[in-house]
Amino acid sequence: MFSSRLSKLICFSIFLLLDSLSTASAAKSAQQDVAELRSQNNQLNEQLFNTRSTLIALQAEVIKVRIELKNLDSEYDLARELVEVDSDYIDIVNDLKNQKDKLETLLSVKSRLLVKKETELNTIATQIGQNEKQLEVYAVRYGTDIGADINATPMLAQESSHELAPPQSLAPEPRIKQNIQQHSRSEVVVTKETDNILANSRFSATKYSFGEQFPTFIEITSIDQQFRLGVSDTEITVEQFQLFQSETRYRSESQRSGGCNIFNYETKRSKQANSESPGYRQTNTHPIVCVSLFDAIKYTQWLSKKLNRNVRLPTRSEWFTFATPHEMIALEKQNGMTDNCLHANIRDQAFANKFSDDSTEICNDRSIYPEPVKMKLPSSLGLYNLYGNAREWTMSCWDDAIKNLWVCPAVHIAGGSAYYKLNPAKETRGGPDGVSNDVSFRVVYEL
């Protein structure tokens with residue numbers, strides 16, 4: 001009897017051991033699959049960006065050809081009227097007809113390419129979605145720990161470095177350097193120092209990562225070392241802000257007050273809108289909006305502890321230095337307005353089609369509201385979404401005599417948004433507790 005029990009115990013132990021080995025093997029295999037899926041998605045996201053850029057360029061080309069064709073139609077009609085008076089104009093009519101035929105053929109080719117790229121874009125997006133669903137399955141089956149090693153991103157210093165053209169000269173402005181306490185709004189105080197904006201400096205830019213859950217920074221240094229600043233390459237995203245909220249249980253002002261200014265051709269206060277629901281479809285990679293200046297400051301305080309750096313909002317003068325608005329002005333002069341949608345999510349033909357408003361750019365990126373970050377081309381410094389998509393809070397009061405931002409009636413908000421035509425030097429103003437569904441922020445730290 002004892003021998004029989006011992007045999008059963010041994011068999012059961014062997015079964016548990018084999019089951020454990022099988023589970024470990026399955027988990028290891030799943031971890032490899034997760035690594036492969038994440039690698040695929042990284043490549044697919046890069047393809048998605050490149051395809052989207054090509055698509056926007058094609059849309060701009062199609063618009064340009066249509067404009068040329070429309071102008072040629074007018075000339076052709078006029079020439080035909082002149083032929084009835086003077087037959088010598090027949091050669092001009094024939095020449096214009098040939099030009100029209102060539103443009104119509106070109107338009108047909110460009111339109112077919114456009115449809116092809118749209119199909120390609122949808123295919124890539126579908127594949128990314130399928131991969132994400134499979135990753136969710138693995139997370140449910142084996143737990144989130146299976147991806148811990150894969151998600152851990154090492155700190156990347158000096159990933160790339162290059163010199164860039166000198167920025168446009170901007171008028172000097174007092175630097176607002178924060179001295180922010182942890183709790184009371186009345187303690188949000190700024191002090192002033194001299195701030196010399198550089199007129200003829202060259203910059204080096206180095207990409208610096210602290211991990212996927214935190215912003216990626218571009219460390220910008222002027223060759224003469226007078227300007228040294230780490231700048232987040234995009235506005236803070238929904239996912240990044242929600243991580244801060246989940247760890248601190250912080251609720252944004254729009255969540256507490258239950259209201260945010262939303263744009264639907266007219267700007268109105270909506271009690272239903274907030275940072276989680278800004279009045280349009282929002283993903284994890286959208287810029288966080290419907291946040292006040294003080295919401296942004298609370299995020300910088302939390303991020304300072306996480307990164308062990310003095311993270312803050314930029315001053316107005318700092319923003320207009322690293323945004324290099326002269327670059328976009330030069331590009332517009334060189335390439336024309338049809339290329340503006342490659343660089344900025346702005347008030348364009350998609351806006352015109354929805355709101356029947358002709359006071360828009362002639363390009364079309366099919367975005368009406370703020371879109372996910374990095375959907376447009378970066379600046380030469382590697383910074384995204386500077387001139388459109390969402391406006392950005394700064395730490396500068398419009399009245400520089402006011403030191404306490406809580407009593408500042410108007411804070412500088414830099415840049416434009418999806419609701420404005422392109423203006424690289426655009427700035428607006430708002431009360432520090434104001435919230436709008438096209439106002440976000442990016443962060444900086446001093447080097």
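## Sheet, helices and rings in a predicted model

Student: In what order do the four strands of the open sheet run?

Tutor: Keep in mind that we're looking at a predicted model. The sheet is open and its pairing is mixed. Going across its four strands, the order is S12-S11-S10-S13.

Student: Which strands sit at the edges of that sheet?

Tutor: An edge strand pairs on one side only. Two strands fit that bill, one spanning 427-430 and the other 439-440. They are S12 and S13.

Student: Which sense, parallel or antiparallel, does the pairing of S10 and S13 take?

Tutor: Strands in a sheet can pair either way through backbone hydrogen bonds. Strand S10 covers residues 391-397, and two bridges tie it to S13. Within this pairing, Glu 392 stands opposite Ser 440 of S13. The sense of the S10 and S13 pairing is parallel.

Student: And how many bridges join S11 to S12?

Tutor: Start on the other side of S11: S10 and S11 run antiparallel with three bridges, and there Cys 397 has Val 411 of S11 as its bridge partner. S11 and S12 run antiparallel too, with Ile 413 bridged to Thr 428 in S12. The number of bridges joining S11 to S12 is four.

Student: Are the residues of S11 that point either way buried or exposed?

Tutor: S11 spans residues 411-414, with Val 411 and Ile 413 pointing one way. His 412 and Ala 414 point the other way. Burial here takes under 20% relative accessible area, and all four side-by-side names in that list count as buried.

Student: Which helices help cover the buried residues of H4?

Tutor: H4 runs over residues 238-248, and its buried residues are Val 238, Gln 240, Phe 241, Phe 244 and Gln 245. Just past the helix, Arg 249 has a positive phi of about 60°. The cover over the buried residues of H4 includes a helix at 253-257 and another at 293-307, namely H5 and H6.

Student: What is the geometry class of the aromatic pair between Phe 214 and Trp 302?

Tutor: The ring centres are 6.2 Å apart and the planes make 50°. Planes under 30 degrees apart would count as stacked and over 60 as edge-to-face, so this pair, at 50°, falls in the remaining class: tilted.

Student: How many residues apart are Phe 214 and Trp 302?

Tutor: Phe 214 is in the loop between strands S4 and S5, while Trp 302 is in helix H6. Both are buried, and both belong to one aromatic cluster with Phe 241, Phe 244, Tyr 250, Tyr 299 and Phe 441. The pair links distant parts of the chain, and the separation is 88 residues.

Student: Which helix holds both Phe 351 and Phe 355?

Tutor: These two form a tilted pair, 4.8 Å centre to centre with 55° between the planes. Both are buried. They lie four residues apart, about one turn, in helix H10.

Student: Over which ring does the charged end of Arg 429 sit?

Tutor: A charge counts as over a ring when, among other things, CZ of Arg is within 6 Å of the ring centre. Arg 309 lies over the face of Tyr 445 at 4.7 Å. For Arg 429, the distance to the ring centre is 3.7 Å, and the ring belongs to Trp 398.

Student: Finally, what share of the protein's residues counts as buried?

Tutor: The protein has ten helices and 14 strands. Its accessible surface comes to about 23000 Å², with 50% belonging to carbon and sulfur atoms. Of its 447 residues, the buried share is 47%.

Conventions. Residues are numbered from 1 along each chain as its sequence is written. This is a predicted model: local features need pLDDT of at least 70, side-chain atom pairs count only at pLDDT 80 or more; totals for chains, interfaces and linings use all residues. Side-chain values use heavy atoms; hydrogens and water are left out. Two strands pair if DSSP finds at least two bridges between them. Buried means under 20% relative accessible area, exposed over 50%, partly exposed in between (1.4 Å probe, protein chains only). Contact means heavy atoms within 4.5 Å. Accessible areas come from the Shrake-Rupley method with a 1.4 Å probe; for residues, only the protein chains shown count as cover. Rings of Phe, Tyr and Trp (its six-membered ring) pair if their centres lie within 6.5 Å; planes under 30 degrees apart count as stacked, over 60 as edge-to-face and the rest as tilted. A charge sits over a ring if NZ of Lys or CZ of Arg is within 6 Å of the ring centre and within 35 degrees of the ring normal.
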